[in-house]
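Please describe the parallel sheet of this model and the helices that go with it.

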Amino acid sequence: MIIHRVVLNSRPGKNGNPVAENFRVEEVSLPDAINEGQVKVRTLYLSVDPYMRCRMNEDTGSDYLTPWQLSQVTDGGGIGLVEESKHANFTKGNFVTSFYWPWQTKAILDGNILEKVDPNLVDGHLSYFLGAIGMPGVTSLVGIQEKGHIVAGANQTMVVSGAAGACGSLAGQIGHLLGCSRVVGICGTHEKCLFLTSELGFDAAVNYKKGPVAEQLHDVCPAGVDVYFDNVGGDISNTVIRQMNQNSHIILCGQISQYNKDVPYPPPLPPDIEAIRKERNITRERFMVLNYKDKFASSTLQLSQWFKEGKLKIKESVINGLENMGVAFQSMMTGGNTGKQIVCISEDTSLQSP
């Protein structure tokens, strides 16, 4: 059987900006037979995420991320349909997900890397398992619960950078649901700001491309900042930290502004900002959701419940076609997406082979 897959065509360099041409599509043949313990799947949806930028380097700079190899298939979060199974946990017709899903139209996978998903949790929107009811949602919820120290009724103000992205768009809503009295988002277009305030319930939004962020932030956070959900790092984060209150908390979710630079993760703060952090006793601890696997199941159920109750609004940016994985990745890295960036590989959830 001939299938299509995406491989790493070239590396952007440690300090380079990734482009679609760093990836290429090729045809390969898939064996007709599968072995014991294996599952044949058809790919429905694939995810592109900021952390993948680190995997484009020979050295990812992280002990838990392995680098993608040149001319080898790339992988990440995926959702698919089981077409054939020789693994006890799965049968034909199951929907499954994995963090290690190869970017190809069909695949034969070790069943041990797969997890069954229930379409009822997402009202049939299977791609949500790659976003709000998946790792980005769990990251946002667990990050806020573990590192945000939100106390309902304490009149706390939360600021979210990268607020229109996969995690940020959820984090602001979750901040409200867990008890923040004011939630402010930072993003890069007027349209995204409007989306945050009119659709997601943010109390205010700051467009960092429209004048000094410090002044805008001061206007919408008159009582200072108590919780900062940081997706971007860099100058924007430094500006937020300057306006944070005594004993406040930074949730270190991501540093997308720094991923094209050869710096350690998390990047150290400039000396003047680090001095403020220490003086005001602001917590800024590395947060890795993989350290909280015991909370994944309960968090997924909580997110699903909020979604079904209409309390959690979900937004996706969808690009169609495996051949557009590189385009989707480049767009996501430059803020082209609102909500979770998804690539639809096949919407056909029947078991009829094309």
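The report below covers the sheet, the helices beside it and one recorded domain.

This is a predicted model, in which local features need pLDDT of at least 70 and side-chain atom pairs count only at pLDDT 80 or more, while totals for chains, interfaces and linings use all residues. Residues are numbered from 1 along each chain as its sequence is written, and side-chain values use heavy atoms, with hydrogens and water left out.

Six strands make up an open sheet with parallel pairing, in the order β10-β9-β8-β11-β12-β13. Because β10 (204–207) and β13 (283–286) are at the edges and have a single partner strand each, one side of each lacks a neighbour in the sheet. From one strand to the next the twist averages 20°. Strands (E, at least two residues) and helices (H or I, at least four residues) are DSSP runs numbered from the N terminus, and two strands pair if DSSP finds at least two bridges between them.

Two of the pairings are listed here.

| Strand pair | Sense and bridges | Bridge partners |
|---|---|---|
| β12 and β13 | parallel, four bridges | Leu252 and Arg286 |
| β9 and β10 | parallel, four bridges | Gly185 and Ala205 |

Between β9 and β10 the chain passes through helix α4 (residues 190–198), and this β-α-β crossover is right-handed (clockwise from the first strand over the helix to the second, with the strands pointing away from the viewer).

Helix α5 (residues 213–220) packs on the sheet and touches β8 (157–161), β9 (182–187) and β10, its direction making about 175° with that of β10. Contact means heavy atoms within 4.5 Å; angles run from 0 to 180 degrees between N-to-C directions, and axes are lines fitted to C-alpha atoms, for helices over the stretch in contact. Helix α6 (residues 234–242) lies across β8, β9, β11 (225–230) and β12, at about 165° to β11.

The axes of α6 and helix α7 (residues 271–279) come within 10 Å and cross at roughly 35°. Asn238, Ile241 and Arg242 of α6 make the contact with Asp272, Ile273 and Ile276 of α7.

For residues 5–117, UniProt lists "domain: Oxidoreductase N-terminal" in an unreviewed entry; such annotations may be inferred rather than shown by experiment. That span is 4% helix and 42% strand, and its end C-alpha atoms lie 24 Å apart.
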